[in-house]
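This report describes the fold of one protein chain, proceeding from the whole chain to individual residues. The sequence and the coordinates are shown first.

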Amino acid sequence: MAKRDYYEILGVAKDASADDIKRAYKKLAIKYHPDKNPGNKEAEDKFKEAAEAYDVLSDDKKKAQYDRFGHEGLSSGGFGGFSSGGFSFEDIFTHFGDIFGGDMGGFSGGFGGRGSRSNGPVPGEDLQISIAITLKEVAEGTVKKVRIRRYKQCPDCNGKGGTGVKTCESCMGKGHVRRRSRNVFFETVNHVTCPDCEGSGESITNKCRTCAGHKRVRVEDTIEVKIPAGVASGNYIRLRGEGNASPQGGTAGSLIVHIEEKSDDFFVRDGQNLFCKVLVPVYRLVLGGEQRVPTLYGEGKVKIAAGLQPGTQLRVRGQGLPGYNSDYKGDLFVEVQAYIPESLSAKEKSLYEELGSLGQERDDKLERSLLDRIKEFFS
């Protein structure tokens, strides 16, 4: 597959300044950083693609070679970078750190725990789960207990993997080795995880029987997840240190909890507002009065004005959902519907017949008016 133009990837012109190139890369790096897009392969590819483009366009020699010969110029010219296969995750986050400073702009330094050994032990992998919650739990917040399977430090060897630990002779403690391949035109060099030490940089003479030298074991744990009020489907909560233990003594990964909202049989959500339909007796619509309505916080009341028509929507302020990290609450909108009884007692039937006879003249006028409109429409 043909490589995309580096200027197109960063969205800059060929005469862009070094500062413009850096700003463009910074914007893309923030957007597609793995910490903001956990488990998103497309975002990770775009992050690497932007880093590749920046690596070339921020280097005067590589940029000149690229401007003159394109991607083939980089491959045949002996420069580093993705084109020649010598660009690793370490190089990506070196650039990222150069731009954002030592704190990495609030992001971690690797893809799900595959960072650089030069910055310390590799952290454990992140885990992801989904939790479904009800609208009432959205309104009040909740605590959920969930069972997860994750790797934890081996209790028998305290995460050492065994005894007789020494530097891996294959990678000399780096955790990765270089693999070269040649074709007619150029040589490529790739960094791959050391197959002998599995990236730890160490070899173990007497491996622990419990973990077989892997330094961690898989267990099933129950943990509590505190879900704040006001969340919605698509939100997620990151619990740092609740993911997999590091195989190299680094920090544990995170547990990323994705929120899924259950549909409700009575309420419909629109942002922080709630909508529902309530049946109101006909006599109350005619005479007016108060109507009890359910809310997520208990029973509420709405005022029914005399002569209120079915389909009218009434607002109950402050009975909607709270915002995430906000004290503001949305409103509840109640659509009034007429309740027509399906069966009547003898007395009720008699009263309705009496009511019908009393309103016969008014009903006749309404019927004649309707017929006149129909005739006018078809004339």
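The sections below treat the overall composition, the sheets, the cores, a helix pair and selected loop residues.

**Overall composition**

The structure is a predicted model. Its protein chain contains 10 helices and 15 strands. Of the 379 residues, 38% count as buried. Where contacts link residues at least 6 apart in sequence, 62% of them join residues at least 24 apart.

**The sheets and a hairpin**

One open sheet consists of three strands in the order E1-E9-E8, with mixed pairing. Its edges are formed by strand E1 (127-133) and strand E8 (236-240); each has a single partner strand, so one side of each lacks a neighbour in the sheet. From one strand to the next, the twist averages 25 degrees. Within this sheet, E1 and strand E9 (residues 254-261) run in the parallel sense and are paired over seven bridges. Gln128 is placed opposite Ile256 in E9.

A further open sheet has four strands in the order E10-E11-E15-E14, and its pairing is also mixed. Here strand E10 (268-270) and strand E14 (313-316) occupy the edges; because each has a single partner strand, one side of each is left without a neighbour in the sheet. Neighbouring strands of this sheet are turned against each other by 35 degrees on average, direction ignored. E10 and strand E11 (residues 273-281) run antiparallel and are joined by three bridges. Val268 has Phe275 in E11 as its bridge partner.

Strand E12 (residues 289-295) and strand E13 (residues 298-304) are paired in the antiparallel sense over seven bridges. They form a hairpin, with two residues between E12 and E13. Gly289 stands opposite Ile304 in E13.

The strand pairs described above are collected in the following table.

| Strand pair | Sense | Bridges | Residues facing each other |
|---|---|---|---|
| E1 and E9 | parallel | seven | Gln128 and Ile256 |
| E10 and E11 | antiparallel | three | Val268 and Phe275 |
| E12 and E13 | antiparallel | seven | Gly289 and Ile304 |

**Nonpolar cores**

The largest nonpolar core has 35 residues, of which Ile131, Val225, Ile227, Leu255, Val257 and Ile304 touch the most other members. Not counting residues up to four places away in sequence, Ile131 touches Lys144, Val146, Val225, Ile227, Val257, His258, Ile259 and Glu260. A second, separate core comprises 21 residues, including Ala24, Ala29, Ala51 and Leu57.

**Helices H3 and H4**

How do helix H3 and helix H4 cross? The axes of H3 (residues 41-57) and H4 (residues 60-69) come within 6 Å and cross at roughly 100 degrees. The two helices are therefore roughly perpendicular. On the H3 side the contact is made by Asp55, Val56 and Leu57, and on the H4 side by Lys62, Lys63 and Tyr66. These residues divide into three nonpolar, no polar and three charged.

**Around the start of strand E2**

Gly141 lies in the loop between helix H7 (135-140) and E2. With a relative accessible area of 23%, Gly141 is partly exposed. Its C-alpha atom is separated by 7.3 Å from that of Gly230, although the two residues are 89 residues apart along the chain. Residues up to four places away in sequence aside, Gly141 touches Ile227, Pro228 and Ala229.

Thr142 belongs to strand E2 (residues 142-153). Its relative accessibility is 16%, so Thr142 counts as buried, the cut-off being under 20%. Leaving aside neighbours within four places in sequence, Thr142 is in contact with Ile133, Glu137, Val225, Lys226 and Ile227.

**Two residues with positive phi**

Most residues other than glycine have a negative phi. Met172 has a phi near 55 degrees, a positive value in a residue other than glycine. Met172 is located in the loop between strand E3 (162-167) and strand E4 (176-182). Lys215 likewise has a positive phi, near 75 degrees, and is a residue other than glycine. Lys215 is located in the loop between strand E6 (202-207) and strand E7 (216-227).

Are these two residues buried or exposed? Met172 is exposed, with a relative accessible area of 62%, whereas Lys215 counts as buried at 8% relative accessibility.

How values were computed. Residues numbered from 1 in each chain as written. Predicted model: local features only at pLDDT ≥ 70, side-chain atom pairs only at ≥ 80, totals over all residues. Heavy atoms only, no water. Axes fitted to C-alpha atoms, helices over the stretch in contact; angles between N-to-C directions. Parallel < 35°, antiparallel > 145°, perpendicular 65-115°, else oblique. Contact = heavy atoms within 4.5 Å. Nonpolar A, V, L, I, M, F, W, Y, C, P; charged D, E, K, R; others polar. Pairing = 2+ DSSP bridges. Buried < 20%, exposed > 50% of the residue type's maximum accessible area, 1.4 Å probe, protein only. Core = buried A, V, L, I, M, F, W, Y, C linked by side-chain atoms within 4.5 Å.
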